[in-house]
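Could you walk me through the places where the two ligands sit, and through the backbone features worth a look? Here is a short, friendly tour.

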Amino acid sequence: MSAVLTPLSGLGCRHYLAGRCLYEEHLNPGLDQGLRCRVLTRLGRTFDDFLVRAEAMGLTEEQAGRAWRNRFPETLAREGSCRDYLPGDTTSFPDCANAAGELCLLALPACPGRCRRFFKRQAP
Ligand code: SF4
Ligand code: SF4
């Protein structure tokens, strides 16, 4: 009779967060843009494009700031939706229960259980 081995939980690993593994992100923070919240990524790109256009138009910082604030509601309506959004209970944008800072938990690989990269979290 063969025994079935189940791995220990990854809980307690410093790379573990809500059932997901942050190992690659901790190794190269920010390298994989696909791990970022899609809403933040789209809004960031839109803002960068806006800055390029504002500069080309010769707007002052103040004029550019005003123009961005004026068009922000429309931009948010266009770029701010996400089919996986879950209302969070936070004070930070986009206030999504799937967000971990600027990362999206759903984009992170699942932790399959304690692995050779397990690194014990230090007590606070
Ligand atoms: S135990 Fe391994 S897979 Fe799980 S979070 Fe830690 S490093 Fe990632
Ligand atoms: S589920 Fe939430 S955190 Fe993930 S991409 Fe959508 S809004 Fe961003």
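Let us begin with ligand 2: the space it takes is the largest cavity. A cavity here is a set of points, on a 1 Å grid over the protein atoms alone, where a 1.4 Å probe fits but cannot get out, whereas a pocket is an open set with protein on both sides within 12 Å along at least five of seven lines; lining residues have an atom within 4 Å of a point. A molecule counts as sitting in one of these if more than half of its atoms lie within 2 Å of its grid points.

A word on conventions. This is a predicted model, in which local features need pLDDT of at least 70 and side-chain atom pairs count only at pLDDT 80 or more, while totals for chains, interfaces and linings use all residues. Residues are numbered from 1 along each chain as its sequence is written, chains are lettered from A and ligands numbered from 1 in the order in which they are written, and side-chain values use heavy atoms, with hydrogens and water left out.

**The cavity and ligand 2**

A search of the whole structure finds one cavity of 30 Å³ or more. The largest cavity has a volume of about 120 Å³, where a volume is the space filled by probe spheres set on grid points that are joined across faces, edges and corners. Its lining consists of C37, R38, V39, C82, D84, Y85, P94, C96, N98, A99, L103 and C104. Two elements each give two or more residues to this lining, namely α2 (38-56) and β4 (103-104). Such elements are DSSP runs numbered from the N terminus, with helices (H or I) of at least four residues and strands (E) of at least two.

Which residues surround ligand 2 itself? They are C37, R38, V39, C82, D84, Y85, C96, N98, A99 and C104, where a residue is near a molecule if one of its heavy atoms lies within 4 Å of it. One of these, C37, is buried, with a relative accessible area of 10%. Buried means under 20% relative accessible area, exposed over 50%, and partly exposed in between (1.4 Å probe, protein chains only).

**The pocket and ligand 1**

Ligand 1 takes the space of the largest pocket. That pocket has a volume of about 190 Å³. It is lined by 17 residues, and C21, Y23, C111, P112 and C115 are the closest to its centre. The elements giving two or more residues to the pocket lining are β2 (20-21) and α1 (23-27).

Around ligand 1 we find C13, H15, Y16, C21, C111, P112, G113, R114, C115, R117 and F118. C111 is partly exposed, at a relative accessible area of 22%. G113 lies in the segment after β4 and counts as buried, at 9% relative accessibility. G113 and T6 are 107 residues apart in sequence, yet their C-alpha atoms are 8.5 Å apart in space.

**Residue classes side by side**

Ala, Val, Leu, Ile, Met, Phe, Trp, Tyr, Cys and Pro count as nonpolar, Asp, Glu, Lys and Arg as charged, and the others, Gly among them, as polar.

| Residue set | Nonpolar | Polar | Charged |
|---|---|---|---|
| Shell around ligand 1 | seven residues | two residues | two residues |
| Shell around ligand 2 | seven residues | one residue | two residues |
| Lining of the largest pocket | ten residues | three residues | four residues |
| Lining of the largest cavity | nine residues | one residue | two residues |

How many disulfides does the structure hold? The number is zero, with a disulfide taken as a pair of cysteine sulfur atoms within 2.5 Å.

**Backbone features**

A cis peptide bond joins F93 and P94, with omega about 5°. P94 has its place in the loop between α3 (61-79) and β3 (99-100), and P94 is also among the residues lining the largest cavity. F93 is in the loop between α3 and β3 and is partly exposed, with a relative accessible area of 44%. The C-alpha atoms of F93 and L40 are separated by 8.5 Å, although the two residues are 53 residues apart along the chain.

D95 is found in the loop between α3 and β3. Phi of D95 is near 50°, a positive value in a residue other than glycine, and D95 is partly exposed at 24% relative accessible area. A18 also has a positive phi, near 50°, without being a glycine. A18 sits in the loop between β1 (16-17) and β2. Is A18 buried or exposed? With a relative accessible area of 57%, A18 is exposed.
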